[in-house]
Amino acid sequence: MFLEELGYVLKRRRTLVSFALLAAIPIFLGVVLDIVGSPGGGHGQGPAFFDKVTHNGVFLGFTAVLTAQLIIIPLIVSIAAGDTIAGEATDGKLRYLLSAPVSRTRLLAMKSLVALVYATAAALTVVLVGLIVGSALFPIGPVVTLSGTQISLLDGIWRLLLVGLLAAASTFSIVAVGVFASTLTDSTIGAAAVTFGAVIILSILDGIPQLAHIAPLFLTHYWQTSIDLMRSPVVWSGILKNLLEQAGWMVVFFGAAWARFTTKDVLS
Amino acid sequence: MSNAVSRLFNSRFGVRLALPAVVAVGAVGTALAYPQVVSASSPTLASKTPAQLIESALRPTGRIYSGTIVETSGLGLPTSFVNQLSGGSASGLSGLLTQALTSGVTANFWTNHASSLRIQVPSTSGEFDLYASAGSVWEWDSTTNTATNLRLPSGTKAVSRARSTASTPPSPSVIADALLSHLPAGATVTVNSPEYVAGQPAYVLNLAPNDPSSLIGGVRIAVDASTGNVLGVWITPRGSSSAAFAVYYSAVSFTAPSSSVFSFSVPSGATVKTLKPGAVMAPVTRGATTAPAVTHKSIGTGFSTVEVVTGLPRRPASSSLMSGLLGSGTKVTTAIGQGTVVTTSVATVFIGNNGTLAFGAVPQSVLLADLGQG
Amino acid sequence: MAELIATSGLSKSYGEKLAVDSVDLSVPEGAVYGFLGPNGSGKTTTIRMLLGLIFPTAGEIELLGHPVPKETTRALVDVGAVVEGPGLYPTLSARRYLQRMSRYGRSERRRALATRAPGDGGQLAPDIDAALEMVGLAKVGNRKVKAYSLGMKQRLSLANALLYPRRVLILDEPTNGMDPQGIVEMRELIIKLAAQGTTVFVSSHILSEIEQLCTHVGVIQHGRLLFQGEIGELRGQLPARLSIGTSDQVAARELLRSRFGLQPSTDDAGLLTMDRASVAIEEIASALVGAGIGLYRLAEDRPTLEEAFVALTGEASDVS
């Protein structure tokens, strides 16, 4: 059932378009930097590591994923999560899935798992395409951390991968919110819009000083801590807080989705 | 509405929703209440007298090798001054200084208490580092990709002094030592109920100035119960409940760090700058040689002491900091001449046009009156 | 005979509106049960509750001996269903659709089969080809569903219900959107499956469609089950009618009234019609002939299902 669902989701045209869009980010950034060259001055303008890409192609992966993490990946993940249940409910497909001897809890768990895998694949696509394009267009070599120390190319790629996985994990809360929204409606677009809207609103509220004391509860609050992997030594506290944050949102919203879906009258 | 709510909770959905709802309330509650709970949960410690605490704070038994220092500042500096500060370069040391004065800085540090110190100030987009070891001091700024070498001539007294200074981070203990060893007689010293600071059970000393003319309402000093290290200092203005200035650890470790955290070599592609000690000292030395003899005296006692320095260069260093400070103050005429007064929530500073500098934790009126007496 | 579907006091309300009101269904094993009622009478709501898709407000359901919704999953292993029109993936082919559906609930199916004695029915592997063959889609099985007509989509839904040998088929308006040819084929298929021992629960708002294949009937209207039983019993709800044609209808009427206490009326064709009562037909015949009245017609008319239905519900069956 899981493989069936994964195969079904990955082969959809919507998925292909989404992943093409994700792959376009590092390609676009890389080509622009290749033509225009590194921004002068290098005063940390633009996305993180943007000014380092032309010196070391590995940084294209970092720049691309840290950029995509803010809007594009949450958007694509919102759509995928919003589609999980609502997508089946449109056109009355859900009643046939549930007429198979499958428990609702298992169906929900499996759909959610596929959405989590999808989110991970989305982030890793940006990372891998960034790495490939970066190494094709620019020289690659040992990586300089934010602390000014040098780590081997292999270590750099490993950390890039971890940053990608953290970017993925940062969207797991979105998956949970999206799956819950998806159990409330028969409209994929509605569920996705509510989810993405919530993410955007939270990230705006996150920047308001008056809300600083509740901001740590926002699912977006620790997103930028994945950059701490590029310090020497790695600063783990923020990363762990992010993971805890994501886990908390997952428990609450997957729990709510479960409560809703297992008691819902399937009318569509 | 209430009908809908009651229906929800009579329904199966409502019953099942109870589980995640409880988790949500628990998580939110924990997250919001955690700081309060931790500060409210008082560790149980054998009671000590203020004198015992001061004694142990001045002679700690264990050494802090690494951790995180949090500095917060709500001094209430004049807005025009703050704007001028932040208008300047936001990177590097001067940027950090601005940040420290206006809002706060959080830094990680490592030391081996012998020759090496590393300070790391992470920001969302980059990092500022200080690597100090064996006579070479590197300043690294990732946002400008610049490594600056502070080269110290070897074999001089300055080097050994610089080394010993460099191996000690600017910690709460520096401030606490200054406060405790010159403990003003005019303060009431009490021991508050213990708290957790940086996860350690700590005694809390409370210094309350007796002189009502002092701007300072109280100073709290947290002393690690097991080692005697000062874990934090909070300075609260009179009439306020929140600290205007605080330095404390949010994490500490008592084990020596790996030597790898201290090593730094200029990464390829970085801009390298060298700062000779002469260049660092130049403004100070020049000022010292051209100025008439500098004198210093204290007026008053305790927390309301006003320090007066005379004979400074007529036109103080034309840094943006100083011109910003002058621009933001009020022009006054005092018994000892014209000048500018800058006030913050815990201190007042007078900069005289004739090379006089006076400052103290007192309101402007008291400062100016003291100047008139002096 | 065991009951494969049984409900007691089954009710469902949406807010103030009672969609299904204390329905006690009883579907014996081997039956072809016609669930009759006009649109909006509660048929689909009842079927959704049987399948665990919606939750009853009150009452109990047993499907294949398993309480629903508590053990819906275990019951559904042996149930094939078509619920209120097809629910298909437009971009998938019929074959791919059936493959996808067969992968749902596979482990539940395996678990259920593991507890059964060998030869006790049920199989793990779906028979996609056979299912497509049965509904007549074998030749177009690789075509994308969006190119299908509504009738073909309905057949594909039925194929999904037939992926495995089932003990119970629950079919909600399976002929909706089908052409007359399709309806005939559907009827033949149901008869064939019933002959193989499958219990079929089929709903319809068109009496004539299921009249010829049902052994049992339940009639629902405004959420209430008005009648349930063998199809002969539904006919028996109305008394048989006699129609009599003679050479002298006036004399015949008088004789029937005085000798047998019957109350004949005259129909459009001039025949005398009356409820049969408990009079032996041969006695009427000999009495009329004995009185010298020429008898050219004496017939006992069994009431049609339609007549019984109208008598029961007060409306014609094919009201959509």
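Helix 8 and helix 10 of chain A run roughly parallel to each other, because the angle between them, about 15°, falls under the 35 degrees that count as roughly parallel. Keep in mind that this is a predicted model. Below are that helix pair, the contact between chains A and B, a run of strands in chain B, the two domains of chain C with their sheets, and a few backbone oddities.

**The helix pair in chain A**

- Helix 8 covers residues 172-184 of chain A and helix 10 covers residues 237-261, and their axes sit 8 Å apart.
- The two helices of chain A, 8 and 10, cross in a left-handed way.
- On the helix 8 side of chain A, the residues that meet helix 10 are A:Phe172, A:Ser173, A:Ala176, A:Val177, A:Val179, A:Phe180, A:Thr183 and A:Leu184.
- Helix 10 of chain A answers with A:Gln246, A:Trp249, A:Met250, A:Phe253, A:Phe254, A:Ala256, A:Ala257, A:Arg260 and A:Phe261.
- Sorted by class, this helix 8 to helix 10 contact in chain A has 13 nonpolar, 3 polar and 1 charged residues.

**Where chain B touches chain A**

- Chain B puts 31 residues into the contact and chain A puts in 29.
- On the chain B side, helix 2 (12-40), strand 3 (116-122) and strand 4 (127-133) each supply at least two residues.
- Helix 2 of chain B gives the largest share of that side, with 12 residues.
- The chain B side that touches chain A breaks down into 16 nonpolar, 11 polar and 4 charged residues.

**Strands 13, 14 and 18 in chain B**

- Strand 13 (residues 295-299) and strand 14 (residues 306-310) of chain B run antiparallel and are joined by 5 bridges.
- One bridge partnership here links B:Thr295 with B:Thr310 in strand 14 of chain B.
- Strands 13 and 14 of chain B make a hairpin with 6 residues between them, and B:Gly300 in the turn has a positive phi of about 85°.
- Strand 14 of chain B also pairs with strand 18 (residues 357-360) of chain B, again antiparallel, through 4 bridges.
- In that pairing, B:Val308 faces B:Ala358 in strand 18 of chain B.

**Chain C: domains and the six-stranded sheet**

- Chain C is assigned domain 1 (3-236) and domain 2 (241-302), and the centres of these domains, taken over C-alpha atoms, are 47 Å apart.
- An open sheet of 6 strands in chain C has the order 7-8-9-4-10-11, with mixed pairing.
- Strand 7 (79-82) and strand 11 (224-230) of chain C are the edge strands of this sheet, each pairing on one side only.
- On average, neighbouring strands in this sheet are turned by 10° against each other, direction ignored.
- Strand 8 (residues 168-172) and strand 9 (residues 199-204) of chain C pair in the parallel sense over 5 bridges, with C:Val168 opposite C:Thr199.
- Helix 7 (residues 180-195) of chain C packs on the sheet and touches strand 4 (32-36), strand 8 and strand 9, making about 155° with the direction of strand 9.
- Helix 6 (residues 150-161) of chain C lies across strands 7 and 8, at about 165° to strand 7.

**Chain C: the four-stranded sheet**

- A second open sheet to look at in chain C has 4 strands in the order 13-14-12-15, with antiparallel pairing.
- Strand 13 (265-266) and strand 15 (295-301) of chain C have a single partner strand each, so one side of each has no neighbour in the sheet.
- Strand 13 of chain C is joined to strand 14 (residues 272-275) by 2 bridges, and C:Thr266 stands opposite C:Leu272.
- Helix 11 (residues 281-290) of chain C lies across strand 12 (241-246) and strand 15, running at about 160° to strand 15.

**Backbone oddities**

- Most residues other than glycine have a negative phi, and most peptide bonds are trans, so exceptions are worth a look.
- The bond from A:Ser232 to A:Pro233 is cis, with omega near -5°, and A:Pro233 sits in the loop between helix 9 (188-205) and helix 10 of chain A.
- C:Val68 and C:Pro69 are also joined by a cis peptide bond, with omega about 10°.
- C:Pro69 lies in the loop between strand 6 (66-68) and helix 2 (72-76) of chain C.
- C:Leu64 is not a glycine, yet its phi is positive, near 55°.
- The loop that holds C:Leu64 runs between strand 5 (58-63) and strand 6 of chain C.

Definitions and conventions:
Residues are numbered from 1 along each chain as its sequence is written. Chains are lettered from A and ligands numbered from 1 in the order in which they are written. This is a predicted model: local features need pLDDT of at least 70, side-chain atom pairs count only at pLDDT 80 or more; totals for chains, interfaces and linings use all residues. Two residues are in contact if their C-beta atoms, placed from the backbone, lie within 7 Å. Ala, Val, Leu, Ile, Met, Phe, Trp, Tyr, Cys and Pro count as nonpolar, Asp, Glu, Lys and Arg as charged, and the others, Gly among them, as polar. Axes are lines fitted to C-alpha atoms, for helices over the stretch in contact, and angles run from 0 to 180 degrees between N-to-C directions. Angles under 35 degrees count as roughly parallel, over 145 as roughly antiparallel, 65 to 115 as roughly perpendicular and the rest as oblique. A crossing is left-handed if the near helix is turned anticlockwise from the far one by less than a right angle, and right-handed if clockwise. Domain bounds come from an automatic or database domain assignment. Two strands pair if DSSP finds at least two bridges between them.
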